[in-house]
Amino acid sequence: MTTWDLPDATGEVAAEQAYLTSLYARLDALRALTAERLADVLRGSGAGGTQQARSERDAAYTAYSDRLGALNAAEQGLCFGRLDLLDGGRRYIGRIGLSADADEDEDAEPPLMDWRAPAARPFYLATAAAPEGVRRRRHIRTADRTVTGLDDEVLDLAVVDPDAHTDLTGEAVLLAALGASRTGRMRDIVTTIQAEQDRVIRAPASGVLVVQGGPGTGKTAVALHRAAYLLYTHREQLSQRGVLIVGPNPTFLRYVGHVLPSLGETGALLATLGELYPGVRATRAEPATTAGLKGRADMAGVVAAALADRQWVPEEALDVVLASGEELTLDRATCLGIRDRARRADGTHNEVRPIVERLVVDALADQVADVIGADVLSTEEMIGSSAVADILAQLGEDVDPVENGNLLDPGDVEEIRRELRDDPGVREAVDRLWPRLTPRRLLSDLYASHERLAAAAPHLSDAERAALHREPGDDWSPADVPLLDEAAELLGEDDRAVRMRIAMAELEERQRVEFAAGAMEIALGSRSIDLEDEDDPEVLMAHDLLDASRLAERHVEGEGLTVAQRAARDRRWAFGHVIVDEAQELSPMAWRLLMRRCPSRSMTLVGDVAQTGALAGSASWARTLAPFVDDRWRLAELTVNYRTPAEVMAVAADVLAALDPPGEPPRSVRDTEGEPWALRVAPAELAAVVGDLAKAESTAVRDGRVGVLVPEARRAELGGTDADLESPVVVLTVAEAKGLEFDSVLVVAPDEIIAESPRGLNDLYVGLTRTTRRLGVVHTADLPAVLGRLVPAPAYS
Ligand SMILES: Nc1ncnc2c1ncn2[C@@H]1O[C@H](COP(=O)(O)OP(=O)(O)OP(=O)(O)O)[C@@H](O)[C@H]1O
């Protein structure tokens, strides 16, 4: 590899600088043009017009504001690579594609190729052994709009450095990226995507793809870049259905939340599982065992049984007191018949309720008709039975009361039915037999009642049923969400309210855009007067127009209209693609929910079954996926660990070997700063020593981040707070640290972490592998045997 740093005598850097400057000029021109077009749309939007004109304007507004967002996001690191081809051609690779001016040769290479375009692919895949038509790969390092250095690889077997890792692309640039301090926010990796990662990112969208990889193999990075790739490659389809990315907890989503916007993509919905039931904020913490129980596959049966239990029949009879004071009775046999017919009917519980209403009214109408009809008959007996028989024949068999031997005409019968339908006593009876239920009501009532739980979940132990107990009105936990969703499926939730909210949001959005357009007119109208004064803040230049659209957005207050936001409000939304990170954590009940959100089964599931912490999580992808796709899923594996240094991975590998089944550790590309160490302290001193060590580590990593990973039971004692990942030291449980990374990690009380959960060894494995540079372990009891490789702490021994 050849590297040019500044100052550079060869002129290579200067040449690239000139090219880069021309690219930024093109970027600026495109921004101005797009902003102008957006302004035109905003100006036009005040005028009203036909429905079609409005929706065309809305579409144009979205397209231009998205484009402007992508152009802005490309500002940093616009161009980062160049391919010199064997045929003499040259390609520049960047965060977005920039096309040539219209008057330039259409067949010429575009000045800048989007990293996701097929022609950019050799930048990530080409090797000396398989150069894919590439002679030289150049990484262009930049800061703001300035070239700061170049790294060249000549893809010629004759000149390959025998010491280099031949399977790493752009090794120097990669190692520089990996060596940078962590900031508490995940960064994109477009400049250094590795070949095995690229294959996953660009894999076909259809079907279920499982990406299994050890800690630090870039699963999260790959998942996010895959989302960006799919949104680019299948823009039309996915811009309508959206991409859902599911992460394990809100802290994690904050950590990864900047990656897609930095790639110019905003069309994905990032959510935890607890956020996937519209209208419910599932934030309640609960014991892992309770969450594990709620996630078990048999809970689907419990929800179904809880509902069946609400479809009630009386022991003997249900008395129905009409508004008139008249008393009727539905006996058990009648109620059983009604219930059976309703259950056999096609539809969900709430959908078939009208059938129950009709059957109840029919049964009661029979009784009323019997009473009234009997009175009528007593006078008509005088007419003689043959006349009665004639009348009966004429009335036909559809008239029930007649079949019962009465002589009411069909109009009378219908009148009786109508009155019954509207009678509060009858409605009460229907409510009793077949209550109208919401998912929350069903679950709330179930959790709150020992009797209901016993009826719906007879196979659970008393202790398990007690764990499910919840007072009505308490918050929901994330593990409740799949159960609510399950209930909604069975009940046929009335989603009118949700659709109303969406319609309202659309209306409001239109008004906001029109308001913004009006405000723009006023501001633009005053421009000619103000133009003389360049400093005048009233002057609106083209780039300010973006702020005008932002202004409109700000008014949205989260009630926007992007596909992602619309999808978030609609329980029945079918996403175009679903990506799950830390997929091993999902319970069988959670999978049921997610599969409903993705009927096309176009999914990417990334995870590591060795890191499973959730008690209802996966130990095997095959077992987890079998109920949904049988064996129709593809497996891709990531094998290189870009995070955890080799010495730390050696310690973690001992833990991995102790797991059942034991796992294969990924290969680390980095070395650590010193050996990972262990320090024993007296229990009474634990908090103080951990505090001191965290400070010392924070100093050691300068502007980097320190993660103190503690047992759940010691979280409060050791200062665990709501995690602000950008603060220099954070104290978290392993579950909270899942998917995150720090420059230095202190694992506290490993024996307690192991003992806290049946999956304690997996948790310890996760904790040890969170570091990019330094690892220390602090313990009060004997060090677990699996950590025998740790050396005594240098400063204290
Ligand atoms: N090709 C790459 N270039 C630069 N950095 C990379 C690359 N691949 C991964 N990384 C970095 O390595 C670190 C680990 O990546 P990531 O968090 O995606 O791994 P993971 O497989 O999800 O890990 P875990 O399972 O432990 O949560 C991140 O800092 C990521 O940015």
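In which helix does A14 lie? In this predicted model, A14 belongs to helix α1, which spans residues 12-44. With 12 other C-beta atoms within 10 Å, A14 is exposed, since a residue counts as exposed when 12 or fewer such atoms surround its own. A distance along the chain can be set beside this local picture: A14 and V280 are 266 residues apart in sequence, and their C-alpha atoms are separated by 57 Å.

The protein chain as a whole has 797 residues, of which 42% are buried. Its secondary structure comprises 32 helices and 22 strands. Among the contacts with a separation of 6 or more, 75% are accounted for by residues 24 or more positions apart.

One stretch of the chain carries an annotation. The UniProt record, an unreviewed entry, lists G213, G214, P215, G216, T217, G218, K219 and T220 under "binding site". Two of the listed residues, G216 and T220, may be examined in turn. G216 is placed in the loop that connects β7 (208-213) to α6 (219-233). Because 29 C-beta neighbours fall inside 10 Å, G216 counts as buried; the threshold for that class is 20 or more. When neighbours within four places in sequence are set aside, the contacts of G216 are N641, Y642, R643, T644, P666 and T769.

T220, by contrast, lies in helix α6. T220 is also a buried residue, as 22 other C-beta atoms are found within 10 Å. Again leaving aside neighbours within four places in sequence, T220 is in contact with M186, V256, D581 and G739.

A pair of helices offers a further view of the packing. Two packed helices are described by the angle between their axes and the distance between the axes. For helix α11 (residues 299-310) and helix α21 (residues 480-491), the axes come within 10 Å and cross at roughly 50°. The two helices are therefore oblique to each other, because this class takes in angles that are neither under 35 degrees, nor from 65 to 115, nor over 145. The crossing of α11 past α21 is right-handed. On the α11 side, the contact is formed by M299, A300, V303, A304 and L307, while α21 contributes L483, E486, A487 and L490. Sorted by class, the contact of α11 with α21 contains eight nonpolar residues, no polar residues and one charged residue.

Methods. Residues numbered from 1 in each chain as written. Predicted model: local features only at pLDDT ≥ 70, side-chain atom pairs only at ≥ 80, totals over all residues. Axes fitted to C-alpha atoms, helices over the stretch in contact; angles between N-to-C directions. Helix = DSSP H or I, 4+ residues; strand = E, 2+ residues; numbered from the N terminus. Left-handed = near helix turned anticlockwise from the far one by under 90°. Contact = placed C-beta atoms within 7 Å. Nonpolar A, V, L, I, M, F, W, Y, C, P; charged D, E, K, R; others polar. UniProt positions renumbered as here; feature names shortened; annotations may be inferred.
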